[in-house]
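Open the model in your viewer and get ready to click along. Each stop tells you what to select and what you will find there.

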Amino acid sequence: MMRQDNRIREAFDCIGASQELKASTKEFLRDARQREAGRAGGRGLSRPAFRLALGAAGAMLTVFLCISAYALLWMPVAYVSIDLNPSLELELNRLDRVIAVRAYNGDGQGILEGVSVKGMRYEDAIESIVGSEGMQPYLTQDAALTFTVATDSAPREERMLEDIARSSGCVEHGGVSVRADMSLVEEAHGNGLSLGKYLAYQVLLRYEPTVTVEDCHEMSMSQISGRIEEHEHGANHGNGHDRGHGGHETEPERGDEAGTGNEMGNGIIDENSRHDDRPGESSTVEPAEQPTEHPTEHHAEQ
Amino acid sequence: MRGGKGGGAVRSEVEVDSAVERYSDMIRRICLYHLKNAADTEDVFQTVFLKYLLHEGSFEGPEHEKAWFIRVTLNACRDYLKSFFRHSALPLEELAEEAASIPPEQTEVLEAVLALPAKYRDAIYLHYYEGYSAAEIGGILGKKENTVYSLLGRGRAMLRKALGGDI
């Protein structure tokens, strides 16, 4: 009796590839090798190297796109603080859209509870905030509505200052727009103040060396600017800019502010002053070397 | 045994032709009990050896290389059976093409093997012809050793029934 495995082995031994099948397979493989060699030569890279390079390029492109998208949409490139007694600050992306808004005191927080400005263009956000119901009690005759702009781009800064000065929120309530150096943003936030209020604090500090950041936390913008005004009048150097409440704002030096003629060596570069008799006229005021110097005005087009 | 090709170069003509000579018969047998069609067999041949031509890995030895060819051939056959492009095949058609050159007794055994359900054929062929153990077959087919034992036992019983109790 033949064992089963022997019968199976003998049966399968009868099966084999024909010489024609082997020959056609070899011919097919020769053609395939030539095609592959041609592709490899044309690429100039081996298959693994090519895939690696392609993968690396794809990864780099993805990273680049992510960074670009982040830079465009989520990286703050400008700040606008709105100070009255409520202190708010907008962070803007390269598209002039609000990507974050922060309150720096309780009044500011109250305003934010009533408005939503994220994603808005900054002009619309300002209109929305200033026009909000919660803001109205603070917009009194002697209020010192101050918009402070900080950005690394001089053209953007100029455009924003002018746009804000022409905005109805600024015009109707006699607001002013001032510029600040970007380097002050972190410093202001570190002290728990909005950019605009921190600028006002720095000016007051020149007159009152004992005043502290904590003091300014408790003061409204009109109170700070009123005290600055008192010092200027007390020194008998009226600047001819009646703000109604007697205040004006100055800001630290912007070292790269070429062409404005506003550079100062004491950290103050300019200010826009309010004119209650000409509401909405925003002006850029040259900084004083000393507190007694008169700032000059630069009126935004109306 | 040669290592990897390195640098992405394809295998040499001598190397591939040598593999065709070494493994063609085995691949032909696997194709026989899977495909049953000469035209499909030629397509699978080209698929398997093209994979070998482009294979970038290395083999640890002749047995490793042989097992690789078995796995690739089985996968190619299964893929081909699922393919829309496969040629229409009739049962045992390919065997009929070679029937003239096969003694009647062997034809009967082959027909019995080809008549087994597909899941038994691989185990029967690999064990009774290629001489692999159940554990080795399990490694090649991706099945547990006990499963292979079960396949072999049932397949053997079906063959006995088909070919007579004397085997």
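This tour visits the two chains in turn, with a few stops in each.

**Before you start**

Keep in mind that you are looking at a predicted model.

**Stop 1: chain A as a whole**

Select chain A and show it as a cartoon. You should find 11 helices and 5 strands. The chain has 302 residues, and 48% of them count as buried. Now switch on the surface: about 13800 Å² of chain A is accessible, with 53% of that belonging to carbon and sulfur atoms. What share of the contacts in chain A with a separation of 6 or more comes from residues 24 or more positions apart? The share is 52%.

**Stop 2: two packed helices**

Next, select residues 122-130 of chain A, which form helix α5, together with residues 154-166, which form helix α6. Two packed helices are described by the angle between their axes and the distance between the axes. Here the angle is about 35 degrees and the axes lie 10 Å apart. The crossing of α5(A) past α6(A) is right-handed. To see the contact itself, show side chains: α5(A) brings Tyr122(A), Glu123(A) and Ile126(A), while α6(A) brings Arg159(A), Met160(A), Asp163(A) and Ile164(A). Sorted by class, this contact of α5(A) with α6(A) has 4 nonpolar and 3 charged residues, and no polar ones.

**Stop 3: a charged pair of names to click**

Stay on helix α6 of chain A and pick Glu157(A), which lies within it. Is Glu157(A) buried or exposed? Glu157(A) is buried, because its relative accessible area is 0%, and buried means under 20%. Now add Arg179(A) to your selection. Along the sequence, Glu157(A) and Arg179(A) are 22 residues apart, yet their C-alpha atoms are 7.4 Å apart in space. Their side chains are joined by a polar contact of 2.7 Å.

**Stop 4: a loop with a surprise**

Select Asp96(A), which sits in the loop between β2 (87-92) and β3 (98-103) of chain A. Most residues other than glycine have a negative phi. Asp96(A) is not a glycine, but its phi is positive, at about 65 degrees. Asp96(A) also counts as buried, with 6% relative accessibility.

**Stop 5: chain B as a whole**

Move over to chain B. How many helices and strands are there in chain B? There are 8 helices and 0 strands, so reading along the sequence gives α-α-α-α-α-α-α-α. Of the 167 residues in chain B, 49% are buried. The chain exposes about 7700 Å², and carbon and sulfur atoms supply 53% of that area. Look at contacts in chain B between residues at least 6 apart in sequence: 71% of them join residues at least 24 apart.

**Stop 6: a serine and its neighbours**

Select Ser24(B), in helix α1 (residues 13-34) of chain B. Ser24(B) is buried, with a relative accessible area of 0%. Its side chain reaches the backbone oxygen of Val20(B) at 2.5 Å. Leaving aside residues up to four places away in sequence, Ser24(B) touches Ala17(A) and Lys22(A), as well as Ala19(B), Phe45(B) and Phe49(B).

**Stop 7: further along the helix**

For the last stop, select Leu32(B), which is also placed in helix α1 of chain B. Leu32(B) counts as buried, at 0% relative accessibility. Finally, add Cys77(B): Leu32(B) and Cys77(B) are 45 residues apart along the chain, and their C-alpha atoms are separated by 10.0 Å.

Note on methods: Residues numbered from 1 in each chain as written. Chains lettered and ligands numbered in written order. Predicted model: local features only at pLDDT ≥ 70, side-chain atom pairs only at ≥ 80, totals over all residues. Heavy atoms only, no water. Axes fitted to C-alpha atoms, helices over the stretch in contact; angles between N-to-C directions. Helix = DSSP H or I, 4+ residues; strand = E, 2+ residues; numbered from the N terminus. Left-handed = near helix turned anticlockwise from the far one by under 90°. Contact = heavy atoms within 4.5 Å. Nonpolar A, V, L, I, M, F, W, Y, C, P; charged D, E, K, R; others polar. Buried < 20%, exposed > 50% of the residue type's maximum accessible area, 1.4 Å probe, protein only. Polar contact = N/O pair within 3.5 Å; in protein donor to acceptor, adjacent residues only side chain to side chain. Areas by Shrake-Rupley, 256 points an atom, 1.4 Å probe, with all protein chains shown as cover.
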